[in-house]
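Here is a short note for a colleague who is new to reading models. Please keep the structure in view while going through the points.

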Amino acid sequence: MSAPGEAGPRHDWTRAEVEALYALPFNDLLHRAHTVHRAHHDPNAVQVSTLLSIKTGGCPEDCAYCPQSARHRGTPVEPAPLMEVEAVVAAAERARAAGATRFCMGAAWRSPRARDLERVCEMVRRVKALGLETCVTLGMLTRAQAERLAEAGLDYYNHNIDTSPDFYPEIISTRRFEERLETLEHVRAAGIRVCCGGIIGMGESRAQRAEMLRVLASLPRHPESVPINQLVRVPGTPLADLPPPDPFELVRTIAVARILMPRSMVRLSAGRTEMSDELQALCFHAGANSIFYGERLLTTGNPDTGHDRALFRRLGLRPLGAGTHA
Ligand code: SAM
Ligand code: DTB
Ligand code: SF4
């Protein structure tokens with residue numbers, strides 16, 4: 001919320017304005033984004049979250065990027081049912097010991113069933129009791145399901161819009177873009193903080209990347225956390241053979257996200273194993289201030305923790321609120 005007299009962040013960016021930001025000379029865009037970043041955040045602090053896949057594969061949805069869809073045969077994913085609570089708590093304890101401050105639990109569901117949701121609520125209570133922030137991503141929720149998670153003390157719900165509304169049907173046919181927005185409304189109404197972003201490198205145009213960010217910045221409240229994923233090209237998925245995006249386009253996307261959503265945490269999410277240290281450093285300069293930490297994302301790899309700790313040391317970065325682990 002804004003202090004009295006202080007203007008809050010804008011929610012009315014136009015397409016033309018966002019596209020004009022993207023089109024700025026690289027140095028001008030970076031300067032502007034970094035200036036916004038410094039005005040709202042400690043530029044040397046990076047929030048670290050650790051992911052765990054609590055239910056893996058066999059998903060009925062057809063998201064073209066996702067190795068967990070049951071529609072894509074031959075992805076290297078071994079399906080696994082919903083984990084037991086104790087095993088999740090043990091993984092969260094390890095993540096805390098390694099320096100994570102938030103533990104994010106992901107399930108390959110279209111939406112959770114009642115009995116499964118109760119087990120996830122128990123996971124949330126137990127992980128929170130360890131002193132970690134909690135986040136879950138379970139697919140579409142009703143208002144009542146969001147309320148159950150809020151009662152369990154859930155801090156964040158991750159639900160990505162993934163891409164622009166006009167490109168969405170080319171990537172996912174089993175649900176509508178509007179359904180994503182409805183779940184986000186239910187999460188907000190239940191008082192849970194929102195983690196919502198998208199993916200670049202799926203064959204979308206720059207205008208479509210700009211539109212994805214404009215939609216995020218037009219939500220009634222900006223998501224507290226905005227994950228920017230670079231597509232992980234997993235064999236067996238329909239997008240496996242796409243070329244990687246231009247690295248500078250990733251930096252521009254981070255920078256534009258930072259300018260549009262000045263107070264949000266912008267997470268440099270999936271795809272870091274394919275990024276050089278120098279590219280990641282540029283992303284931190286452009287306004288990224290959160291990462292996934294730990295050697296797995298959900299089903300694919302992430303940089304090893306020793307490498308990330310060394311990168312933080314070399315760049316003089318500190319994990320936010322996590323003491324002196326890096
Ligand atoms: N099933 C739930 C849903 O779709 O909302 C939650 C889990 S789903 C795996 C969470 C997010 O992971 C997706 O929205 C997408 O943004 C991201 N994701 C999945 N596969 C990816 C990939 N290959 N590369 C980059 N991001 C990916
Ligand atoms: C998000 O935006 N990215 C994370 C998390 N939210 C759930 C997931 C990335 C998944 C990458 C592919 C995989 O590991 O399966
Ligand atoms: Fe299922 Fe989520 Fe993967 Fe889509 S992104 S196939 S909904 S796990």
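**Notes on cysteines and ligand sites**

1. The sulfur of C121 lies 14 Å from the closest cysteine sulfur, which belongs to C135, and this is too far for a bond. Keep in mind that the model is predicted. C121 also counts as buried, with 1% relative accessibility.

2. What of C135? C135 takes part in no disulfide, and the nearest cysteine sulfur, that of C104, is 4.2 Å away. A pair counts as a disulfide if the sulfur atoms are within 2.5 Å. C135 is buried too, at a relative accessible area of 4%.

3. How many disulfides does the structure hold? The number is zero. For reference, a disulfide is a covalent bond joining the sulfur atoms of two cysteines.

4. Ligand 2 is surrounded by L51, P67, T137, N158, N160, P227, N229, F292, L297, L298, T299 and T300. By class, this shell has six nonpolar and six polar residues, with no charged ones. The space that ligand 2 takes is the largest cavity.

5. Three side chains place a polar atom by an oxygen atom of ligand 2: N160 at 2.9 Å, T299 at 2.6 Å and T300 at 2.8 Å. On its own, ligand 2 has 400 Å² of accessible area, and the protein covers 88% of this.

6. Around ligand 3 are C59, E61, C63, Y65, C66, S69, A108, W109 and R175. Here the shell divides into six nonpolar residues, one polar and two charged. The space taken by ligand 3 is likewise given as the largest cavity.

How values were computed: Residues numbered from 1 in each chain as written. Chains lettered and ligands numbered in written order. Predicted model: local features only at pLDDT ≥ 70, side-chain atom pairs only at ≥ 80, totals over all residues. Heavy atoms only, no water. Near = heavy atom within 4 Å. 1 Å grid on protein atoms, 1.4 Å probe; cavity = no way out; pocket = protein on both sides within 12 Å on 5 of 7 lines; lining within 4 Å. Sits in = over half its atoms within 2 Å of the grid points. Nonpolar A, V, L, I, M, F, W, Y, C, P; charged D, E, K, R; others polar. Buried < 20%, exposed > 50% of the residue type's maximum accessible area, 1.4 Å probe, protein only. Polar contact = N/O pair within 3.5 Å; in protein donor to acceptor, adjacent residues only side chain to side chain. Areas by Shrake-Rupley, 256 points an atom, 1.4 Å probe, with all protein chains shown as cover.
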